[in-house]
Amino acid sequence: MKLEMVDMCIGRGWRARSLTGPSPVYNFGPKARTMKNSAGLMSIQDPASLRLTWYKTPFSVLVIKKIYDEDIIRPFVEIISHLVKERRMMVYVEEAILKDVKLNSNEDFDRLKDKLYTVSEGQDDLTDKIDFILCLGGDGTLLHASSLFQTSVPPVLAFHLGSLGFLTIFEYAENFKSVLTSVLEGNAKLSLRSRLKCAITKVDSDLSRIPVKNLQASHQKSMMVLNEVVIDRGPSPYLTNLDLYVEGRYVTSVQGDGLIISTPTGSTAYAVSAGASLVHPSVPAIMITPICPHSLSFRPIVLPAGVEIKVMVSPEARSTAWVSYDGRNRHELAHGELLRVATAIYPVPCICRDDQIMDWFDCLGTCMHWNVRHRQKPFIGIGNGMTPSSSSNSLCSRNSGSDTNCDNSY
């Protein structure tokens, strides 16, 4: 039985006012903001209009480093030393990094350690503590930073010291002080990367037997994702069998290895490996990409950012499914449970190197080698009285010794 359910089942609390998407919050942490979009809706942003503004002098910074990476120790110590000694800032670090043996053996860090403040993931409320975030590592470091803030996220300055660096666009160099100065003085452009709000709802009734009007549901804690939420078959040898609903209406059943629901930022992550299109992070959209579907016609789709998506294990499914959020917090999605996904109002404000358009294209080229190939050679002698066909024949003759086997079509 396909159910016309979910609005009656769980209410309309997550529904955006427009298919364009909810208007993002333009305050980032306790002291940063940008000019508010007067339309009140999420929209494609003018790259020149989004600039960081501090309405109070930033004082506290959270420095997040890739754990157990020896190559990051020197830059990490240099930056926190600059922030503590020269900037006189309140520097927070994660308590987990204090267990790094190599870091603790660094003499410079040992002298600074007592001047640092620590935070623990899932235990400390960072909402009003942190003015801005500084990431040292790869894309996973920035994803981790996003997960620490389930509401408003302070501005993020990310230095590329990891593997890929699609999201961490600044190269760490000796001039990091000038970059920090520009950011702290408000001379920086922003890119607002949308996130998805995800939650699993436990449906207390047998969906295949109870009428829609009698359904009851209990809500669980929501999760914010910057890249994607993935529903897959986990350890089961069977196909996943998922029912997909958009705006409360049944759309299709997913039979395959699973489903990726991603932001435009996530379009260059797992989704692109599954055949999705590359979408600029400023485009208001949600992407749905099947993982190895058992159908030749099931193609990835792009939906407006304002829709609400719901996924549940089909009553006919042979097994349960598994859900992960940005590759973490993996758990089971059982029969009778419902995954809800919608665009959140709290984006991640990332500091741009140049602007949000050119930064993206630069990363496509350097990180993904997008459309990289040898240039096609021109015809020799065009403009000097030679025709393309005669030029092509001359090339073939020179390369093969005979023009009898030449293909002149390229």
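**Exercise 1. Find what share of the longer-range contacts in the protein chain joins residues at least 24 apart.**

Solution. Take contacts between residues at least 6 apart in sequence; 70% of them join residues at least 24 apart. A contact means heavy atoms within 4.5 Å. This is a predicted model: local features need pLDDT of at least 70, side-chain atom pairs count only at pLDDT 80 or more, and totals for chains, interfaces and linings use all residues. Residues are numbered from 1 along each chain as its sequence is written, and side-chain values use heavy atoms, with hydrogens and water left out.

**Exercise 2. Decide whether helix α5 is enclosed, and name what packs on it.**

Solution.
- Step 1: place the helix. The chain has nine helices and 24 strands. These are DSSP runs numbered from the N terminus (helices H or I, at least four residues; strands E, at least two). Helix α5 spans residues 139–148.
- Step 2: count burial. Buried means under 20% relative accessible area (1.4 Å probe, protein chains only). Eight of the ten α5 residues are buried, so the rest of the structure largely encloses this helix. Among them are Leu142, Leu143, His144 and Leu148.
- Step 3: list the neighbours. The buried α5 residues pack against β4 (60–65), β5 (90–94), β7 (132–137), β8 (156–160), β22 (328–333) and β24 (348–351).

**Exercise 3. Describe how β15 and β16 are joined.**

Solution.
- Step 1: β15 (residues 240–246) pairs with β16 (residues 249–256) in the antiparallel sense, over seven bridges. Pairing requires at least two DSSP bridges between the strands.
- Step 2: Tyr245 has Tyr250 in β16 as its bridge partner.
- Step 3: the two strands form a hairpin with two residues between them. Glu247 in the turn has a positive phi of about 55°.

**Exercise 4. Check the cysteines for disulfides.**

Solution.
- Step 1: the cut-off is a pair of cysteine sulfur atoms within 2.5 Å. The whole structure has zero disulfides.
- Step 2: for Cys135, the nearest cysteine sulfur is that of Cys350, 8.4 Å away. Cys135 is buried, at 0% relative accessible area.
- Step 3: for Cys367, the nearest is that of Cys363, 4.9 Å away. Cys367 is buried too, at 19%.

**Exercise 5. State which helix supplies the largest share of the lining of the largest cavity.**

Solution.
- Step 1: 18 residues line the largest cavity. Ile169, Ser191, Arg193, Cys350 and Asp359 lie nearest its centre.
- Step 2: β8, β10 (190–193), β24 and α8 (356–368) each supply at least two lining residues.
- Step 3: α8 gives the largest share, four residues.
- Cut-offs: on a 1 Å grid over the protein atoms alone, a cavity is a set of points where a 1.4 Å probe fits but cannot get out; lining residues have an atom within 4 Å of a point.

Technical notes. Buried means under 20% relative accessible area, exposed over 50%, partly exposed in between (1.4 Å probe, protein chains only). On a 1 Å grid over the protein atoms alone, a cavity is a set of points where a 1.4 Å probe fits but cannot get out, and a pocket is an open set with protein on both sides within 12 Å along at least five of seven lines; lining residues have an atom within 4 Å of a point.
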